[in-house]
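Trainee: Could you show me how to read the empty spaces in a protein model? I would like to go from a general idea to a real case.

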Amino acid sequence: MSREKAYRNLEAIYEKSCDDRALLFQHPDDYDKNRDFKEEDLEILKKRDFKTRLFICTTTILGDSVFLSTHFTDNLKHQTHFNFVRDYVKTLIMTKNWTAATSVLTDLLTMVFKMEPSAYNTFACTLASALSDEAANTDFEVSDELLRYKADAVIYRRKFIVLMRIIFDKISTKRFLVDNGATNIYRDIHCMNKVDRSNWAFAYFFFCFLLQICLVCYVIVQNFGEICEFQSAISVTGVVEDECILKVTWYKIFAKNPEMVPLALLSTIFSAMRAHVEMTEALKISYFYGSNYLLKSIDLIVNVALPFILLITGFTLITTAPSFIDAVLNATALGYISAIDDMLPGLLQLPEAELIMNCLIQESIEQFLDMTELSDEE
C-alpha cells in the first residue's frame, strides 16, 4: 500500500470511528517538516482540545496500529512502543488467546523495564492522558474484529484501564525495589519462590531472621543487665529504690559517661531516620508480598519493629560503654544488625534485578488470567 493510499485509509477509519470529533491529519510527507496550516485547518484547530488521545485499530497503517492525537494532529508520529499496547489489548478483546496474551504481556513489561527514563516518562504520560476520565481519551476502531458497536466502547475502556493497571502496578513495584535499592533477602526469597518454587531458598531466610533476632535479644539482655546493675548500686548508696527506670537511666548517662552522649545521640538519629524510611514503605512492602503472610510479617518485624527496639536500647548501650572504642563498636554493631538482610543478597551474589523483574512478570500474568475470568458486568 502506498503512503498516500494508507494515509487516506487512516482518515476513513478515523471518520467512521470518531465521527463526534473535529479531525485533523498530518500528511506523511510532512512528518519531518514544519507544517503550514491552511485556513480550514485553523478553523478545525479552534474546535479541538489539548488532550493527548490514543486511537487503537486493527489495521496496520504506515507501520503503526496505535495513533496519537494531540491538539494539532490525529496521527502524530511516535515510537513503536504503543504497538505493544495494541497487541496487549487485542489478545484480550479480539483473539482471546491467553497464550499469546501472556507472551505479549511479558514482552511489554520487559520493554518498559528496560526503557530509558526519558522514553518511559513520555510513554507513561501519554498513557496517563489516554486513561484519564475513565479512559475517555481512548478510542477504538469500529470494525467486526475490534469494536462492533460504539455502545460497547465504555466496557472496552474499562477493560483497557484494568489491563494497564496491571502494567503500571508492576512498574511502580520495580521502581521501588530495583531503582530505589529497596531489596533485601526476604524480598528476594519471595521472588525466587514465586518464579521457580525453590524451597531451599528458605534456608537463607530462616538463617538471616534467626541471626537478627538473636542479636537483638542479646542487646536487650545487655541493656536490662546494665539497668539492673545500676539500680542495685543506687540502692546501696541510699537512693530510693522505687525511682523510675527513666530517671535512673538519665542520671547514669549525664553523671557517669557524659562523653558518650554525642555518639549515642548521632547513632539514635541515624536509627530514627532508618526506622522512618521503613515505616513509610510499610504499605508498599505489604502490597508487594500479597498473600505471602509469613514473609510479609517477618519483613515488617525486621525492618519496622526491630529498628525501633534498637533505637531505644541502643542509646543506653552506647552511653554505658566502658571506653570510647567500645562505644564505637556498639554503635557499629547496632547499625549492622538492621543491615544484615540488606547485605546478604550481595554476599550470596543473587541477581536481584533479574529475580524481581521475573517475579513481577509472573504476577502480572496471574493477574491477567484472573481478569479474563471476569464477566463484562464485573
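**Reading pockets and cavities**

Mentor: Gladly! Keep in mind that this is a predicted model. Let us begin with an open space: α6 (153-179), α7 (185-196), α11 (282-289) and α14 (352-372) each give at least two residues to the lining of the second largest pocket.

Trainee: Which element supplies the largest share of that lining?

Mentor: That is α14, with 5 residues. The lining has 17 residues in total, and those nearest the centre of the pocket are Lys 194, Phe 288, Tyr 289, Gly 290 and Glu 363.

Trainee: How much space lies in the second largest pocket, and what is its lining like by class?

Mentor: The space comes to about 300 Å³. By class, the lining has 7 polar, 6 charged and 4 nonpolar residues.

Trainee: Now the enclosed spaces, please. How many cavities of 30 Å³ or more does the structure hold?

Mentor: There are 4 of them. A cavity differs from a pocket in that a 1.4 Å probe fits inside but cannot get out. The largest cavity here has a volume of about 60 Å³.

Trainee: Which elements give two or more residues to the lining of the largest cavity?

Mentor: Those are α10 (261-280), α12 (293-319) and α13 (324-347). Among the lining residues are Phe 270, Arg 274, Pro 307, Leu 311, Leu 334 and Ser 338.

Trainee: And how does the lining of the largest cavity divide by class?

Mentor: It has 5 nonpolar, 3 polar and 1 charged residues. Try finding Arg 274, one of the lining residues, in the view.

Note on methods:
Residues numbered from 1 in each chain as written. Predicted model: local features only at pLDDT ≥ 70, side-chain atom pairs only at ≥ 80, totals over all residues. Heavy atoms only, no water. 1 Å grid on protein atoms, 1.4 Å probe; cavity = no way out; pocket = protein on both sides within 12 Å on 5 of 7 lines; lining within 4 Å. Points joined across faces, edges and corners; volume = space filled by probe spheres on them. Helix = DSSP H or I, 4+ residues; strand = E, 2+ residues; numbered from the N terminus. Nonpolar A, V, L, I, M, F, W, Y, C, P; charged D, E, K, R; others polar.
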